[in-house]
Amino acid sequence: MTCAHIIFLDDEPGITPLCVRLLVRAGFKVTTYVKPRDALGSLHRTDVDLLLVDIRMPEMGGFEFIAEAMALQPDAAILIMTGFGTVETAIQALRQGVDGLILKPFEKGEELVQAVRQALSDKQEKRDVARSQALRPLFDITESLLSETRFDRLVSL
């Protein structure tokens with residue numbers, strides 16, 4: 001299994017080295033950006049597993065970035081970071097389909113790594129449920145065909 005690829009987007013370059021070091025040490029591949037437009041350009045070229053995005057940025061807000069990023073890579077998990085956690089931020093994140101929220105500054109490095117693992121796990125679980133639901137009609141038809149013993153009924157099915 002390959003390691004998860006994370007795009008880390010934060011306009012404060014001072015926080016980036018610590019976060020990258022923690023995530024790389026935990027086994028993730030991390031690409032960093034300080035400008036949202038640069039990160040969006042990368043999403044056109046490279047598949048990612050998780051977007052770790054700061055909410056407050058001068059060039060483009062985190063929620064605006066997330067909306068554009070989701071259009072490009074709908075399967076990517078999204079974890080937002082903010083130093084200004086409010087109930088409104090959490091509600092907006094839920095409405096936008098974000099997989100997790102983490103408050104800066106992080107008290108412990110493991111807090112960031114655990115939030116990333118949880119967001120990736122939650123996203124995978126959602127994908128698995130969606131696949132199961134999509135395949136359910138096929139399973140039902142197969143079950144009907146395999147359980148039918150009368151040839152005339154089988155042909156009609």
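Reader: How many helices and strands does the protein have?

Author: The protein has six helices and five strands. Helices are DSSP runs of H or I with at least four residues, strands are runs of E with at least two, and both are numbered from the N terminus. This is a predicted model, where local features need pLDDT of at least 70, side-chain atom pairs count only at pLDDT 80 or more, and totals for chains, interfaces and linings use all residues. Residues are numbered from 1 along each chain as its sequence is written, and side-chain values use heavy atoms, without hydrogens and water.

Reader: Why is phenylalanine 63 called buried or exposed?

Author: Buried means under 20% relative accessible area, exposed over 50%, partly exposed in between (1.4 Å probe, protein chains only). Phenylalanine 63 has 11%, so it is buried. Phenylalanine 63 sits in helix 3, residues 62-72.

Reader: What makes cysteine 3 partly exposed?

Author: Its relative accessible area is 42%, so cysteine 3 falls in between. Cysteine 19 has 0%, so cysteine 19 is buried.

Reader: How do you know how many disulfides the structure holds?

Author: A disulfide is a pair of cysteine sulfur atoms within 2.5 Å. The sulfur of cysteine 3 is 17 Å from the closest cysteine sulfur, in cysteine 19, so that is too far for a bond. The structure holds zero disulfides.

Reader: What makes the protein more spread out than a compact globule?

Author: Its radius of gyration, taken over C-alpha atoms, is set against the globule rule: 2.2 Å times the number of residues to the power 0.38. The rule gives 15 Å for 157 residues, and the protein has 21 Å, so it is more spread out.
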